[in-house]
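This report goes through one protein structure, beginning with its sheet and ending with single residues. The sequence and the model are shown first.

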Amino acid sequence: QHISNELFYRANSFQKDFQKTLNLSPRPFAYPSHHFSLQEETLPFSEKSFDLILSGLQLHWINNLPHLLKKIHLCLKEKGVFLGALWGGNTLHELR
C-alpha cells in the first residue's frame with residue numbers, strides 16, 4: 001500500500017491529467033489503471049498506448065530488465081511517464 005501511495009503522489013506531482021494508465025505491479029492499485037502483472041519481459045500492448053506506466057516492486061523478478069524497459073518506453077505515448085519502485089541496495093542479499 002505504501003509503494004502504490006508513493007507512486008500516485010509522484011505521478012500527481014507532474015500536474016498532468018493521465019488518461020490511460022498501465023499498472024505492472026503484482027496487485028491492482030486503487031488508482032484507475034489497467035492492471036497487468038508481469039511474468040516475463042514481453043508486454044502485449046501496442047506502441048504509444050499509455051501516458052503513465054507504474055510498477056511497484058515487480059521489476060526485480062525480470063531476467064532481462066533492459067529489454068523490458070525498452071518495451072515500456074515503446075508503450076508510452078509522447079511525453080509519457082514511467083514510475084517504478086524496485087528493491088535495491090542491501091535488500092537482495094539472497095541473490096548474491
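The text below describes the strands, the helices, the nonpolar cores, the charged pair and the backbone of this predicted model.

**The sheet**

The strands form an open sheet of 4 members in the order β2-β1-β3-β4, and the pairing is parallel. Its edges are β2 (34–35) and β4, each of which pairs on one side only. Between β1 and β3, which run parallel, there are 3 bridges, and in this pairing Asn23 has Leu54 of β3 as its bridge partner. On the β4 side, β3 and β4 pair in the parallel sense over 6 bridges, with Val81 of β4 as the bridge partner of Leu52.

How many of the residues of β3 are buried? The count is 7 of the 7, so this strand is largely enclosed by the rest of the structure.

Strand β4 also holds Leu76, which counts as buried because its relative accessibility is 10%, and buried here requires a value under 20%. Leu76 and Asp51 are 25 residues apart in sequence, yet their C-alpha atoms are 5.6 Å apart in space. When neighbours within four places in sequence are left aside, the contacts of Leu76 are Lys48, Phe50, Asp51, Leu52, Ile53, Val81 and Phe82.

**The helices against the sheet**

In helix α1, which spans residues 2–12, the buried residues are Ser4, Leu7, Phe8 and Ala11. They lie on the same side of α1, because the arc they cover around the axis is only 100 degrees. His2 and Tyr9, on the other side of α1, are exposed. The elements against which the buried residues of α1 pack are β3 (50–56) and β4 (76–85).

Helix α2, made of residues 65–75, lies across β3 and β4 as well, and runs at about 140 degrees to β4.

**Nonpolar cores**

The largest nonpolar core contains 13 residues, and those with the most contacts inside it are Leu24, Leu38, Leu43, Ile53 and Leu68. Both β3 and α2 supply at least two residues of this core, and the largest share, 3 residues, comes from α2. For Leu38, with neighbours within four places in sequence left aside, the residues in contact are Leu24, Leu43, Gln58, Leu59, Ile62 and Leu68. Apart from this core lies another, of 10 residues, which includes Ala11, Tyr31, Leu52 and Val81. Two of the residues named there have already appeared as bridge partners, Leu52 and Val81, while Ala11 is one of the buried residues of α1.

**The charged pair**

Side chains of opposite charge can pair when their charged atoms come close. A search of the whole structure finds 1 salt bridge, in which the side chains of Arg10 and Glu6 meet at 2.8 Å, N to O. Where do these two residues stand relative to each other in helix α1? Arg10 and Glu6 are 4 residues apart, and are therefore separated by about one helical turn. Arg10 is partly exposed, with a relative accessible area of 46%, and Glu6 is also partly exposed, at 29%.

**Positive phi values**

Most residues other than glycine have a negative phi. Against that background, Gln15 has a positive phi of about 50 degrees although it is not a glycine, and Leu57, likewise a residue other than glycine, has a positive phi near 55 degrees. The table sets out where these residues are placed and how accessible they are.

| Residue | Phi | Place | Relative accessible area |
|---|---|---|---|
| Gln15 | about 50 degrees | loop between α1 and β1 (21–23) | 75%, exposed |
| Leu57 | near 55 degrees | loop between β3 and α2 | 22%, partly exposed |

Gln15 is exposed because its relative accessible area of 75% is over the 50% that the term requires. Leu57, at 22% relative accessibility, counts as partly exposed, given that buried means under 20%.

Terms used:
Residues are numbered from 1 along each chain as its sequence is written. This is a predicted model: local features need pLDDT of at least 70, side-chain atom pairs count only at pLDDT 80 or more; totals for chains, interfaces and linings use all residues. Side-chain values use heavy atoms; hydrogens and water are left out. Buried means under 20% relative accessible area, exposed over 50%, partly exposed in between (1.4 Å probe, protein chains only). The arc is that of the directions from the helix axis to the C-beta atoms. Contact means heavy atoms within 4.5 Å. Two strands pair if DSSP finds at least two bridges between them. Axes are lines fitted to C-alpha atoms, for helices over the stretch in contact, and angles run from 0 to 180 degrees between N-to-C directions. A salt bridge is a side-chain nitrogen of Lys or Arg within 4 Å of a carboxyl oxygen of Asp or Glu. A nonpolar core is a set of buried Ala, Val, Leu, Ile, Met, Phe, Trp, Tyr and Cys residues joined through side-chain atoms within 4.5 Å.
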